[in-house]
Amino acid sequence: MSRLFSERFLLGLEPDERALVDTTRRLVRETIGPNADAVAQEDVFAEDTFRLLVEHRIIGTAFPRRHGGSDARQRLRIRLVEELGRVCSAAASLVTGADLSCRAIVAGASDALADRLLPALCNGSLQAAFALTEPGAGSDVRNLATVAVHDGAGYRVTGKKKFITRANVADWYVVIARCRDPLDTAGAETPARADDPFVALLVPRDAEGLSVSEPNAKLGWFGVPVAELRFDNVRVEAPMRLGEEGEGFALAQDALVRARLGHASMALGRAMGALEIAATYGGERNVFGKALGAHQGVQWMLADAFTQIEAARTLVDAAAQSYDRDDADAAVQASMAKMFATDLGMKVCTDALQLTGGRGYLKSFPLERFFRDAKLNQIGEGSSEVHRTVIGRDIVRRMGDAQMERHPCLPEGMLTTDF
Ligand SMILES: Cc1cc2nc3c(=O)[nH]c(=O)nc-3n(C[C@H](O)[C@H](O)[C@H](O)COP(=O)(O)OP(=O)(O)OC[C@H]3O[C@@H](n4cnc5c(N)ncnc54)[C@H](O)[C@@H]3O)c2cc1C
């Protein structure tokens, strides 16, 4: 069967990677696509979808080989997430979320801790959640107020975390907090300060003093609920620290860069699906004596969306390769990919719904779900505004670098000369 969108990105994959894309396509066709609407009826954890993704080793792409995974390149993972995002946000989110919640464990756990937990997280018998955001710190994560006060050979954690995906099903939480010395007179009651080092800690669900709220009702992304966590003087042993003190922010950033590529490819997959649905409608629906899609205004809408999606796929693929090569600018590339693809995804879903008229607005039609789900990709893991700021700041910083090639029409001194 041929496809509307280009298959050229598959050319860069190895045969075993291509085989996993084919498996994912089959699951999408036979199970995940047909069940997507049922999964999205209620915001409860999509257990069956998760088990299916575990069984077919798609969740395992986020884990090292020695722990049962395949340590997949981002170049492959974005293809898998795109396939899933084309039909079901929950399925795509289970794949990106497994990586987000376990990445700091993969990158920062001691060998003993990794050997103990990662095989079970990879085979789905355990689950983790990534707890960074707080009531007072979302976009501005440096404003975190959760503190980890030194307590003998461990820490006492106090604070709140908000919007934590899978909090209600996770067995372990990766918690990003600020370290504080017990002799510090500020104590745990005072908000963390800018010079308190970040630390990443692994906290079990049954830790004394930890409470998990009921899931928060939300607009979309049903199947992956969010909830709040409250830490009230929770004791965490030192071996449960991921990386060193002071490395918590870097560990979180690495997980977030990968998650941004995930958001980008999920948004593009959904946009591709939305356009396929709208174009099919355009071909079959007759208005004013001819097919809707035979009208120039509709063709132009489809043409713009198709072209922009293909351009965005190229950007996301390049950003994934950048991450795989460990390029110095991989994080900025991921920001550009996330911002561009998720803003485009929202626009395409809006236009596709418009094109399908009243049907598009009905809950029984998939675009109503696509439209609601598209919004979160612009907010989670750094909103579009935050990425715009990151990219803009990077441009100005780099152009101010003495090693940066100056534009040939802008000789030294020109900017300080009076004309
Ligand atoms: C469904 C869902 C799942 C989530 N899952 C997780 C999770 O698993 N783990 C986790 O840690 N977090 C999670 N989050 C949190 C998410 O990452 C944050 O919601 C997001 O980072 C934005 O933070 P905020 O909501 O506090 O918004 P705020 O920081 O309050 O920002 C509000 C608005 O202001 C804009 N803004 C902020 N700064 C600027 C600026 N300088 N200039 C212009 N505009 C600006 C933002 O773009 C945003 O639109 C989840 C959120 C949702 C809704």
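Which residue in S5 does Tyr173 stand opposite? Select Tyr173 and look across to S5: the partner is Val203. Keep in mind that this is a predicted model.

**Stop 1: strand S4**

Select residues 172-180, which form S4. This strand is mostly covered, with nine of its nine residues buried. Keep S4 selected and visit its partners in turn.

**Stop 2: the antiparallel partner**

Add residues 198-204, strand S5. S4 and S5 pair in the antiparallel sense, over seven bridges. The Tyr173 and Val203 pair from the opening belongs here.

**Stop 3: the parallel partners**

Now add residues 128-131, strand S1. S1 pairs with S4 in the parallel sense, and four bridges link them. Pick Ala131 to find Val175 of S4 opposite.

Next, bring in residues 147-150, strand S2. S2 also runs parallel to S4, joined by three bridges. Click Ala148; Cys179 in S4 stands opposite.

**Stop 4: helix H3**

Leave the strands and select residues 74-85, helix H3. H3 has twelve residues. From first C-alpha to last it reaches 16 Å, close to the 16 Å expected at 1.5 Å a residue.

Is H3 enclosed or open, and why? Twelve of its twelve residues are buried, so H3 is largely enclosed by the rest of the structure. Show the side chains: the buried residues include Arg75, Arg77, Arg79, Glu82 and Glu83. Leu76, Ile78, Leu80, Val81 and Leu84 are also among them.

**Stop 5: around H3**

What do the buried residues of H3 pack against? Display H1 (15-39), H2 (47-55), H4 (89-108), H6 (248-284) and H7 (296-324); these helices are the packing partners.

Note on methods
Residues numbered from 1 in each chain as written. Predicted model: local features only at pLDDT ≥ 70, side-chain atom pairs only at ≥ 80, totals over all residues. Heavy atoms only, no water. Buried < 20%, exposed > 50% of the residue type's maximum accessible area, 1.4 Å probe, protein only. Helix = DSSP H or I, 4+ residues; strand = E, 2+ residues; numbered from the N terminus. Pairing = 2+ DSSP bridges. Expected span 1.5 Å × (residues − 1). Contact = heavy atoms within 4.5 Å.
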